[in-house]
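Me: I have a structure open and don't know my way around it yet. Can you take me through a few parts of it?
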Amino acid sequence: MSLLTLLSSVFLGVIQGVTEFLPVSSSGHLAIAEHLLNMSNASQVPAFFDVLLHLGTLFAVFAAYWGDIRDMVLEFFYGIGDIVRGTTPAHAPPARRMIVLIVVGTAPLFAVLPFKDAIEGLGDNMYFVAFALLTTGCLLFASDHVRRGRKTERSASMLDALLVGVGQAVATCPGISRSGTTITAGCFVGFERKFAVRYSFLMSIPAILGANILSLKDALEAGILWEEVPVYLVGVAVSAAVGYLCIRLIKLVADKGRFGFFAWYCWLAGIVTLALIFTQT
């Protein structure tokens, strides 16, 4: 019988939705949650359910940024038409330029693909997760003290996007927040804070989708307990709804430069995790 219950499905769905977008590391918190639920090895959580949880947060991004996504899809086809007709404009429209920035920012993820299994295995090491959370807190604290930038998709360079992408690649480590790292990196290269948040979330689409495609093969090989799919879907719905609310929250606090609160939370989470480790040894 699977360890997964309706309650743990909801619990993991909430954690996934909250931590995927709030800058506090979803992978780190899921690893901690699995540890607290006596799922000491990540493989004990059904792989198909893990894939679906991430898909739920992808739905949240589409709901929150549907206007931007629609414009980029249209510009993608307009761009193909311009190439065919030889009428490519000297200055690309903002949505078309955003597509290029996202592609460049996603590229560094390919460098970590050969180490995918080793990186995922770090989630079983609670010491690593704890110190990674402490590091995330330091990054968030630093982001509040960097000079405010003005760059948007109209003025950001390809090098800016690449550097933010390197931050996203580093954030594949459990406990390092993807959104926190990419938003912080965006602030450091001079992005306007609202744009840093928008770019971070839009750049998560290919990252989440790519990770799901890579994980789906393993999930299918591990087998799917179809009788538990309704339980999985509850977790997916919860992760999507909670994720959407968290995106709205980050939008509100982004321009105020108040990520310090999340820094203190990450430090506390890291310290509490270390304390739990020491009390259980």
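Reply: Let's start with a term: a cavity is a set of grid points where a 1.4 Å probe fits but cannot get out, and its lining residues have an atom within 4 Å of a point. Keep in mind that this is a predicted model.

Me: OK, how many cavities of 30 Å³ or more does the count come to?
Reply: The count comes to one cavity of 30 Å³ or more. About 30 Å³ of space lies in the largest cavity.

Me: Which residues line the largest cavity?
Reply: Its lining is made of Ile 32, His 35, Met 126, Thr 273, Leu 276, Ile 277 and Gln 280.

Me: And which helix gives the most to that lining?
Reply: That is α13, with four residues. Helices α2 (26-36) and α13 (260-280) each supply at least two.

Me: How do the lining residues of the largest cavity divide by type?
Reply: Four are nonpolar, three are polar and none is charged.

Me: Switching to pockets. How much space lies in the second largest pocket?
Reply: About 360 Å³. There are 14 residues lining the second largest pocket, and the closest to its centre are Met 72, Ile 102, Leu 202, Ile 205 and Pro 206.

Me: Which helices each supply at least two residues of that lining?
Reply: They are α3 (47-64), α4 (66-85), α5 (94-106) and α11 (193-222). The most comes from α11, which gives five residues.

Me: What types of residue are in the lining of that pocket?
Reply: The lining of the second largest pocket has 13 nonpolar residues, one polar and no charged.

Me: New topic: at what angle do α9 and α10 pack?
Reply: At about 155°, with the axes of α9 (residues 158-170) and α10 (residues 178-188) 8 Å apart.

Me: So what does that make them, roughly parallel or roughly antiparallel?
Reply: Angles over 145 degrees count as roughly antiparallel, so α9 and α10 are roughly antiparallel to each other.

Me: Is the crossing left-handed or right-handed?
Reply: Helix α9 passes α10 in a right-handed crossing.

Me: Which residues make the contact?
Reply: From α9 there are Val 164, Gly 167 and Gln 168, and from α10 there are Arg 178, Thr 181, Thr 182, Ala 185 and Gly 186.

Me: How do the residues of that contact divide?
Reply: Between α9 and α10, the contact has two nonpolar residues, five polar and one charged. Gly is counted as polar here.

Technical notes. Residues are numbered from 1 along each chain as its sequence is written. This is a predicted model: local features need pLDDT of at least 70, side-chain atom pairs count only at pLDDT 80 or more; totals for chains, interfaces and linings use all residues. Side-chain values use heavy atoms; hydrogens and water are left out. Axes are lines fitted to C-alpha atoms, for helices over the stretch in contact, and angles run from 0 to 180 degrees between N-to-C directions. Angles under 35 degrees count as roughly parallel, over 145 as roughly antiparallel, 65 to 115 as roughly perpendicular and the rest as oblique. A crossing is left-handed if the near helix is turned anticlockwise from the far one by less than a right angle, and right-handed if clockwise. Contact means heavy atoms within 4.5 Å. On a 1 Å grid over the protein atoms alone, a cavity is a set of points where a 1.4 Å probe fits but cannot get out, and a pocket is an open set with protein on both sides within 12 Å along at least five of seven lines; lining residues have an atom within 4 Å of a point. Grid points are joined across faces, edges and corners, and a volume is the space filled by probe spheres set on the points.
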